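Here are my notes on the ligand site and the empty spaces in this model. They are set out as numbered points.

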Amino acid sequence: MSFPAVRMRRLRRTQALRDMLDQNTLNPSHLIYPIFVEENISQSVSISSLPGYVRLPLAKVAAEGKAALAQGCKSVFLFGIPAKKDEEGVSSYAKDGIVQNAIREIKNVCGAELVIIGDVCLCEYMSHGHCGIVRDNEVLNDPTLELLGKIAVSYAEAGVDVVAPSAMMDGQVAAVREALDEAGYDQIPIMAYSAKYASSFYGPFREAAGSSPKFGDRKNYQMNQGNQREALREIELDIAEGADMIMVKPALAYLDIIALAKANFNIPIVAYNVSGEYSMVKAAAENAWIDEKSVVREILVGMKRAGADLIVTYHAKDIKSWLN
Ligand code: PBG
């Protein structure tokens with residue numbers, strides 16, 4: 001034999017062949033579109049570290065839901081910035097809180113076509129910026145659970161489709177599930193932030209949401225970047241507590257965790273392509289150092305290939321331009 005019988009290049013010869021054999025095609029239905037909505041503003045406010053992104057006033061939020069649908073997305077992810085923050089996070093579960101109002105506005109206009117996901121956390125509502133109740137400089141676990149349950153129920157009352165507990169308190173999925181069921185919302189699924197790492201990639205989000213911790217950091221509730229086994233335990237616990245989907249966050253530096261989750265669990269896996277990952281691409285693209293469209297496609301395909309079923313991404317805003 002003059003050459004090995006197998007020539008891998010045979011199947012790469014034409015675009016049609018390559019398309020036909022493509023294992024991971026990007027589909028905008030699998031992308032979740034984040035939205036920041038702020039109380040008490042009437043004009044959009046730009047976010048300097050998140051280029052192309054704004055905090056929206058309530059009056060503009062329904063149009064943004066439409067914009068997500070126009071991009072081919074099926075869902076939006078809501079984050080709220082309240083007019084007032086305090087030590088107890090009371091505006092997080094207010095009937096007419098900013099996220100609750102935004103849910104109603106979007107539902108009114110987009111109806112069942114659009115899946116509205118509400119982030120269930122406290123850092124945006126607390127004056128100290130931590131994801132739970134703080135006493136003597138400590139973030140308390142169990143008292144925080146009750147608040148997370150209240151937030152989830154208030155979102156459900158406003159018409160949310162999915163809730164996403166993200167505080168990284170132990171038992172938060174069970175607490176949210178129980179609160180929802182007791183209030184008669186046993187059909188509302190939970191997308192659990194299960195493997196959420198203490199990461200420097202959240203910087204731009206914290207500017208967007210005004211949610212940086214005022215003292216210390218989040219390392220005693222968010223995960224240690226060096227660990228894999230811990231992620232599997234977190235996911236296992238969340239599934240046992242009733243999670244319907246689990247999330248790995250951030251995504252780019254944690255593709256191994258996504259792959260591990262895929263190999264170990266039969267449940268939809270969500271990757272969160274976080275703010276810092278987005279902003280790095282935007283900054284390089286603005287300098288013409290990389291080609292934005294093809295780099296974004298490559299990053300998102302990589303997350304799919306690792307095992308993500310869904311991807312939360314700020315690039316969802318531009319998908320029309322990079323899909324073609
Ligand atoms: C709330 C929350 C954060 C993000 C999503 N939900 C910030 C944090 O944990 O500090 C970050 C998302 C992003 O960076 O895009 N706890």
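**Notes on cavities, pocket and ligand**

1. Start with the second largest cavity. S1 gives the most to its lining, with three residues. Keep in mind that this is a predicted model.

2. Two elements, strand S1 (31–38) and strand S3 (54–57), each give two or more residues to the lining of the second largest cavity. The lining residues are Pro34, Ile35, Phe36, Tyr53, Val54, Leu56, Glu64 and Lys317. By class, six are nonpolar, none is polar and two are charged. The space in the second largest cavity is about 30 Å³.

3. How many cavities of 30 Å³ or more does a search of the whole structure find? It finds two. The largest cavity has a volume of about 150 Å³.

4. What takes up the largest cavity? The ligand does: its space is the largest cavity. The protein buries 100% of the 400 Å² that the ligand exposes when taken alone.

5. The lining of the largest cavity has 20 residues. Nearest its centre lie Cys123, Lys196, Tyr202, Phe205 and Lys249. The lining divides into ten nonpolar, four polar and six charged residues. S9 and H6 each supply at least two of the lining residues.

6. Now the shell around the ligand itself. It holds 19 residues, and the closest are Arg206, Gln222, Lys249, Ser275 and Tyr314. Eleven of the shell residues are nonpolar, three are polar and five are charged. Strand S9 (191–196) and helix H6 (203–209) are the elements that give two or more residues to this shell.

7. Which side chains make polar contacts with the ligand? Three can be listed here, among them Lys196, Arg218 and Lys249. An N or O atom in the Lys196 side chain is 2.9 Å from a nitrogen atom of the ligand. For Arg218, a side-chain N or O atom is 2.9 Å from an oxygen atom of the ligand. A polar side-chain atom of Lys249 lies 3.4 Å from a ligand nitrogen.

8. Lys249 deserves a second look. This residue is among the closest to the ligand. Lys249 is also one of the residues nearest the centre of the largest cavity.

9. Last, the largest pocket. The space in it is about 230 Å³. Its lining is made of Met8, Leu11, Arg12, Gln15, Arg18, Asp19, Leu21 and Asp22. Three of these residues are nonpolar, one is polar and four are charged.

Notes
Residues are numbered from 1 along each chain as its sequence is written. This is a predicted model: local features need pLDDT of at least 70, side-chain atom pairs count only at pLDDT 80 or more; totals for chains, interfaces and linings use all residues. Side-chain values use heavy atoms; hydrogens and water are left out. A residue is near a molecule or strand if one of its heavy atoms lies within 4 Å of it. A polar contact is a pair of N or O atoms within 3.5 Å; within protein, one must be able to donate a hydrogen and the other to accept it, and residues adjacent in sequence count only if both atoms are side-chain atoms. Accessible areas come from the Shrake-Rupley method with a 1.4 Å probe; for residues, only the protein chains shown count as cover. On a 1 Å grid over the protein atoms alone, a cavity is a set of points where a 1.4 Å probe fits but cannot get out, and a pocket is an open set with protein on both sides within 12 Å along at least five of seven lines; lining residues have an atom within 4 Å of a point. A molecule sits in a cavity or pocket if more than half of its atoms lie within 2 Å of its grid points. Helices (H or I, at least four residues) and strands (E, at least two) are DSSP runs, numbered from the N terminus. Ala, Val, Leu, Ile, Met, Phe, Trp, Tyr, Cys and Pro count as nonpolar, Asp, Glu, Lys and Arg as charged, and the others, Gly among them, as polar. Grid points are joined across faces, edges and corners, and a volume is the space filled by probe spheres set on the points.
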